[in-house]
Amino acid sequence: MKKRRLISLMMATVMAGGLVACGGGGNDNEAAATTAAKEGGGEATAAETVAAAEGQTVMKWSIWDKDLTLYYQPLIEEFEKQNPDLKIELVDLGSSDYQTVLATQLTGSGSDFDIVTIKDVPGYTTLVNKGVLEPLDAYISGDGVDLGGYKGLTDQIQVDGKLYELPFRSDFWVLYYNKDVFDAAGVDYPTNDMTFDQYDALARQLTVDTPGQEVYGAHYHTWRSAVQLFGILDGKNNILDGNYDFLKPYYEMALAQQEDGVCQDYATLKTSNLHYSGAFSQGNVAMMNMGTWFLSTLAEKIKTGEYTDCTNWGIAKYPHAEGVEPGSTLATITALSIPANAPHKEDAWKFVKFVCGEEGAEILASTGNIPALMNDDIAGMISAMEGFPEDEASKEALQTANLYLEMPVSNKSSEIEIVLNEAHDNIMTGNSTIDEGIGDMNEKVSAVLAQ
């Protein structure tokens, strides 16, 4: 890979703000969103006026959280350095209602965006159905772009065989563990090739049920994804298929662990509203499955002294079913698209290809974010960040094999999400048996799919 002098940001500074989840922080941007919604087709902006005087083409890029996101400016600066005839203008639409504002913009008569950021899969599906996004297939094949580095993600976001976005960020799930808990028990750390049976046995081995001295071998946050999505890691099952019988062994494992005190009680967690970070920081959780967005938060809070009971930690690849390739895990993505009415489509593609390619991935990694395109060098940049575990196994855990979207592309995803959440809650609280809960999912999701 061609090495680049990307940016002069110190990694210690990055850890305070990088690797944040895509949502949040939107209230301060509502005024910007309102202003942006009124723009389009009006008078030239200051950036356009200056660029016109310098003979540059200005391309507008819709984003959110401009002041909270470290990678926007480094990406723009490097791209403009390589393409002096092009200038990128950021348009912040706010975070809380980003996809709604964007859809309004793109379906109106005055939109002049060249590049738009896609925040989530339901928002992507909505825009594709409205016919406001440009298919990227011709650009991809014309430039010979290799999609293999996206570990199957691009296959999962095709709509009717066409690709309308290209991912540039991808957080994925790993297994966090507290080395001190393992050391105290004299137990070897989790490996990067661990079946669910091995994971369950390890969690039980580390559990201590002595009142006042409890140690939980595992922890599951109250999101349905923390249990349900174990079942899709074999690549054979899909969370939108309408038949959820494949979830039974994973609910059996989670409920048995809950019954035996291996993990904390789901209903108690819901009632107390205990955040997963708070649970892990208490120092009595051996293992916790969670996304890579927690990496920088954990490192920063340890650095500032807020977390003192989990300072000796590591990560491992997700557990997997028997016969499944290690490194198969769940992912969420942030992507770029080109509007169907973009004024400068060819130039916009240059920017999309840059941000979503290796050069953009290096910049994202250097600002503490997980890029969708991952290789050994980029993983090395992330593991070199201040506060990241120094052991080789944790560094190796950043290398994934197969990535499966938490919620695949479907115009029914929002309705299906409601059904799955409700059934998960009923199963985990004991309001329904596993068979009853799965039967409820099968019946209600099948009805949604039949509409």
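This report describes the nonpolar core, several buried polar residues, the cysteines and the salt bridges of a predicted model.

## The nonpolar core

The largest nonpolar core of the model has 141 residues, and within this core Trp61, Tyr176 and Tyr244 touch the most other members. Strand β6, which runs over residues 166-178, gives the most to this core, contributing eight residues. In soluble globular proteins, nonpolar side chains tend to be buried together.

The surroundings of Tyr244 can be described residue by residue. When neighbours within four places in sequence are left aside, Tyr244 is in contact with Asn238 and Ile239, and also with Ile416, Leu420, Ile438, Met441, Asn442 and Val445.

## Helix α5 and the loop that follows

Helix α5 covers residues 98-107, and because seven of its ten residues are buried, the helix is largely enclosed by the rest of the structure. The buried residues of α5 are Tyr98, Gln99, Val101, Leu102, Ala103, Gln105 and Leu106, a list in which Gln99 and Gln105 appear alongside Val101 and Leu102.

Asp114 lies in the loop between α5 and β3, the latter spanning 115-118. With a relative accessibility of 1%, Asp114 counts as buried, because the cut-off for that class is under 20%. A polar atom of the Asp114 side chain lies 2.8 Å from the backbone nitrogen of His344, and the C-alpha atoms of Asp114 and His344 are 6.2 Å apart in space although the two residues are 230 residues apart in sequence. Apart from its neighbours within four places in sequence, Asp114 is in contact with Val58, Met59 and Lys60, with Ser337, Ile338 and Pro339, and with Ala342, Pro343, His344 and Ala348.

## Two further buried polar residues

Ser413 has its place in helix α20, which comprises residues 413-429, and Ser413 is buried, with a relative accessible area of 3%. A polar atom of the Ser413 side chain lies 3.1 Å from the backbone oxygen of Ser410. Not counting residues up to four places away in sequence, Ser413 touches Pro122, Met407 and Pro408.

His320 is found in the loop between β8 (313-316) and β9 (328-337), and at 4% relative accessibility His320 counts as buried. Once neighbours within four places in sequence are set aside, the contacts of His320 are Asp193, Met194, Thr195, Phe196 and Pro326.

## Cysteines

The structure holds zero disulfides. Two cysteines can nevertheless be placed with respect to the surface: Cys263 counts as buried at 5% relative accessibility, and Cys356 counts as buried at 3% relative accessibility.

## Salt bridges

Side chains of opposite charge can pair when their charged atoms come close. The count of salt bridges in this model comes to 16. One of them joins Arg224 and Glu417, whose closest N and O atoms are 3.0 Å apart. Arg224 lies in the loop between α10 (196-206) and α11 (225-228) while Glu417 belongs to helix α20, so the pair ties together parts that are 193 residues apart in sequence. The two partners differ in exposure class, since Arg224 is buried, with a relative accessible area of 6%, whereas Glu417 counts as partly exposed at 26% relative accessibility.

The side chains of Lys301 and Glu306 also meet in a salt bridge, with an N to O distance of 3.1 Å, and Lys301 counts as partly exposed at 24% relative accessibility. A further salt bridge is formed by Lys303 and Glu386, with the closest N and O atoms 3.8 Å apart. This pair links distant parts of the chain, 83 residues apart, with Lys303 in helix α15 (residues 294-303) and Glu386 in the loop between α18 (376-383) and α19 (392-396). Both partners are partly exposed, Lys303 having a relative accessible area of 45% and Glu386 a relative accessibility of 37%. Elsewhere, salt bridges that share partners join Asp200, Arg204 and Asp260 into one network.

How values were computed:
Residues are numbered from 1 along each chain as its sequence is written. This is a predicted model: local features need pLDDT of at least 70, side-chain atom pairs count only at pLDDT 80 or more; totals for chains, interfaces and linings use all residues. Side-chain values use heavy atoms; hydrogens and water are left out. A nonpolar core is a set of buried Ala, Val, Leu, Ile, Met, Phe, Trp, Tyr and Cys residues joined through side-chain atoms within 4.5 Å. Buried means under 20% relative accessible area, exposed over 50%, partly exposed in between (1.4 Å probe, protein chains only). Helices (H or I, at least four residues) and strands (E, at least two) are DSSP runs, numbered from the N terminus. Contact means heavy atoms within 4.5 Å. A disulfide is a pair of cysteine sulfur atoms within 2.5 Å. A polar contact is a pair of N or O atoms within 3.5 Å; within protein, one must be able to donate a hydrogen and the other to accept it, and residues adjacent in sequence count only if both atoms are side-chain atoms. A salt bridge is a side-chain nitrogen of Lys or Arg within 4 Å of a carboxyl oxygen of Asp or Glu.
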